[in-house]
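Colleague: I'm new to reading structures, and I'd love a close look at one part of this one. Could you walk me through how helices pack together and what the nonpolar core around them is made of?

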Amino acid sequence: MAKESKRMQSFKYDYLGMDTDSIIRSMANRLEYLVGKDLYTATERDWFHVAAYVVRDRLMERWMETMRTYYREDAKRVYYLSMEFLIGRTLMNSLLNMGIFDEVSQAFSDAGLDLEKICEMEPDAALGNGGLGRLAACFLDSMATLGIPGYGYGIRYEYGMFNQQIENGHQIEHPDNWLRNGNPWEFPRAEVIYPIKFHGRVVEYPDDAGNLHYHWVDSEEVIAMAYDTPIPGFNTNTVNNMRLWSAKSSRDFDLKYFNEGNYIKALEAETESENISKVLYPDDTTYMGKELRLKQQYFFVSATLQDILYRFKKYNQSFDELPDKVAIQLNDTHPSIAIPEMMRILVDIEKLEWDHAWNIVNKTFAYTCHTLMPEALETWAVSLFQQILPRHLQIIYEINQRFLKDVTHHFPGNPQLLQRMSIIDESGEHCIRMANLAIIGSHKVNGVAKLHTQLMKETIFADFDRLYPGKIINKTNGITPRRWLHHVNQDLSALITGRIGGNWVTDLDQLGQLVHCADDDAFCEEFSAIKKRNKERLASLIQRHMAITVNLESMFDVHIKRMHEYKRQMMNVLHIITLYNRLRADPASQMIPRTIIFSGKAAPGYVIAKMIIKLINDVADIVNNDPLIGDRLKVVFIPNYDVTTASDIIPAAELSEQISTAGMEASGTGNMKLALNGALTIGTLDGANIEIRDAVGHDNIFIFGHTADEVLTLRQQGYQPWDYYHANPELKQVLDMIGSGFFSPDQPDLHKGLVDSLTDGGDAFMVLADFESYIDCQERVSELYACPHEWTRKAILNMANMGPFSSDRTIREYAAEIWQASSIKIVLNNGA
């Protein structure tokens with residue numbers, strides 16, 4: 001191993017100085033020697049890369065020392081396995097977390113450059129889609145900030161999910177080539193590669209003692225190569241690691257085919273292998289799509305476990321120590337194939353006895369469930385597993401056989417119970433229930449909001465809660481205040497810090513000190529001024545990119561989230577049309593003006609969600625261009641929702657739409673982000689809305705609609721959506737307009753299918769049942785908005801009471817109650 005001399009250290013510390021002069025020297029160095037440009041030829045994109053390298057250099061010492069300290073301390077490590085990590089842009093976040101934003105900004109200003117414009121050159125990392133990935137990113141930030149030895153593991157998607165464009169009102173999916181210009185934050189680790197096997201067959205053979213063993217043979221092989229990204233904590237030396245896997249072909253380019261002129265065939269094997277890490281969530285409406293999804297999940301899980309065990313075995317002799325040194329958290333069911341994969345490694349390769357291996361696995365894994373909808377719980381056809389992962393299918397059958405035997409001992413004579421709890425669903429095409437597998441193989445299972453966890457225990461997992469009392473626990477989601485206030489709303493962050501100091505950034509409960517500021521006229525005035533500036537900024541972006549002029553005096557009413565029927569963007573559209581009809585009927589009315597802003601992606605194969613996007617845009621086209629309406633009502637659909645788009649919208653939002661059908665949203669985190677930035681919430685008693693209501697006060701939130709219990713009762717009684725249609729003239733008028741083609745005159749029947757889904761289709765998500773309550777609640781919203789002082793007061797109280805919703809709190813609970821992991825303090829060699 002090479003030795004670092006004192007002279008080398010002195011040069012290094014001088015080079016990594018945090019003052020402006022040192023940063024300027026680094027900029028000049030990186031521009032010439034890494035980017036290969038000079039002051040005359042460098043573009044704004046080049047300067048972004050320069051800035052990223054300057055910051056990355058200063059992360060390196062902390063990153064290396066963090067890893068060395070974890071080894072020296074023999075720390076228990078937490079491995080967070082997730083199909084998504086929606087980290088967004090990294091440059092600004094790193095500058096703020098490291099506390100060098102002012103110095104770097106000054107260095108760029110001295111060079112005649114605007115750092116904020118440079119930051120805008122960075123693409124969002126296309127590593128996720130929605131709340132699942134953004135939660136994972138918040139958790140990585142919190143683990144680093146708290147000093148928890150945490151690693152994120154996932155896939156390095158080359159094209160992400162898709163880049164959403166709106167063409168003639170329709171969502172059109174384009175490849176999101178976010179890596180086109182390179183990614184300065186990642187470190188390719190060509191030496192960190194693992195073979196991943198698919199297909200083949202299983203050979204059974206006895207050893208000398210007559211014990212059966214299994215060998216997976218004749219398989220196809222893909223190589224997983226690691227790419228590492230540093231994850232800095234806030235105001236700390238800790239820099240954790242996110243390791244993403246990229247698929248590489250294990251077979252060489254076939255020169256024989258190439259020389260014969262068959263160029264496509266020459267690349268066929270390489271292309272097929274590397275497709276695994278091309279796209280997030282390939283469309284699984286086809287068999288090939290399903291096969292690719294399953295391969296993706298196993299690919300990243302197998303590589304991750306091989307990597308974890310390689311690290312573990314370097315310093316530990318016995319696998320009995322694994323649960324004391326390793327905690328593996330499964331973020332939803334996508335990585336749950338890790339449980340049989342770990343069994344395969346321990347039993348087939350390491351030759352542990354089954355019961356011994358299972359005890360280790362059970363103590364090592366924990367599982368987070370993110371849904372309450374049975375149809376959203378992942379299943380895989382047994383036939384697909386048999387073809388792609390034949391050994392894992394055998395292991396799953398063995399796990400299931402032993403589990404059902406245990407259930408029979410606890411609850412004899414109950415075949416229906418065995419059918420419900422079995423990992424294998426035999427009711428139709430035999431399927432593997434991945435959630436059941438995850439619960440059985442984990443020592444803890446958590447929901448993500450109090451109501452969600454309660455309903456897990458009472459409905460979809462009631463049988464498991466009875467068998468394993470205490471296994472299912474709650475860990476309400478949270479958001480990182482570094483990204484979602486300190487970063488995205490810097491003016492508000494400065495106002496808060498000016499009043500209570502800056503410690504709130506890592507202790508969000510300190511915002512409680514601002515409660516009295518809700519009655520402080522000076523604070524309220526500055527708070528309102530900041531909100532107005534944020535609205536101006538967003539309005540400018542809408543004008544520039546969408547050519548829509550919005551009224552800055554209007555209420556900015558925001559509905560930003562993944563497009564899904566249960567999130568009920570459709571109900572919001574019905575409200576918009578109701579407002580439109582009221583204005584048309586009475587143009588002289590003093591209705592509070594509104595700008596209603598949507599953003600969100602629909603899964604490529606989700607036809608109804610894509611039609612809702614089309615309807616939103618069709619309604620916007622009519623409403624926005626009606627001279628009788630003017631600027632009193634505007635509808636905007638901002639395309640390609642991502643972290644950056646959210647960061648533009650959230651600080652400007654005044655009303656937060658959290659209107660999912662009660663009992664269907666696991667938690668939600670958009671509700672937390674918006675409230676933290678001073679938006680009032682209109683929502684159902686669903687997910688974390690309940691806990692937000694309890695935190696901010698019942699008078700400071702707008703609640704409407706059926707509760708989860710009432711929804712269940714209504715279904716059991718035989719819900720009849722036509723009854724609501726006939727009983728409410730405004731609702732009838734709105735639905736008739738949509739169904740008759742009022743908003744799609746060129747295709748009158750275009751939206752009839754949406755109306756049918758709400759009437760003849762049974763209205764699965766109770767839109768019509770909650771419509772009247774929603775409209776009445778929106779009227780209360782308008783009444784309050786007409787009193788700006790009282791609105792501002794309630795907005796401040798919302799912000800001030802958001803302390804419980806920090807992801808730092810969530811991670812502390814995971815660390816103490818699930819992972820049994822401790823914080824490790826990182827001290828640099830220079831004493832810092």
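Modeller: Happy to; here is a walk from one helix pair into the core. Please keep in mind that this is a predicted model.

Let's begin with helix α3, which covers residues 44–72. Two packed helices are described by the angle between their axes and the distance between the axes. For α3 and helix α4 (residues 91–98), the axes come within 10 Å and cross at roughly 40 degrees. The crossing of α3 with α4 is left-handed.

Now look at who does the touching. On the α3 side you will find F48, A51, A52, V55, R58 and L59, while α4 brings L91, S94, L95 and M98. Sorted by character, this contact holds eight nonpolar residues, one polar and one charged.

From here we can step into the core. In soluble globular proteins, nonpolar side chains tend to be buried together. The largest nonpolar core in this model has 277 residues, and helix α3 supplies the largest share of them, twelve residues. The members that touch the most other members are W245, F299, I328, F385, L574 and W819.

Try clicking on one of these, L574. Apart from neighbours within four places in sequence, L574 is in contact with L731, V734, L735 and I738, and also with V767, L768 and F771. So L574 gives you a handy place to see how residues that are over four places away in sequence meet in the folded chain.

Definitions and conventions:
Residues are numbered from 1 along each chain as its sequence is written. This is a predicted model: local features need pLDDT of at least 70, side-chain atom pairs count only at pLDDT 80 or more; totals for chains, interfaces and linings use all residues. Side-chain values use heavy atoms; hydrogens and water are left out. A nonpolar core is a set of buried Ala, Val, Leu, Ile, Met, Phe, Trp, Tyr and Cys residues joined through side-chain atoms within 4.5 Å. Buried means under 20% relative accessible area, exposed over 50%, partly exposed in between (1.4 Å probe, protein chains only). Helices (H or I, at least four residues) and strands (E, at least two) are DSSP runs, numbered from the N terminus. Contact means heavy atoms within 4.5 Å. Axes are lines fitted to C-alpha atoms, for helices over the stretch in contact, and angles run from 0 to 180 degrees between N-to-C directions. A crossing is left-handed if the near helix is turned anticlockwise from the far one by less than a right angle, and right-handed if clockwise. Ala, Val, Leu, Ile, Met, Phe, Trp, Tyr, Cys and Pro count as nonpolar, Asp, Glu, Lys and Arg as charged, and the others, Gly among them, as polar.
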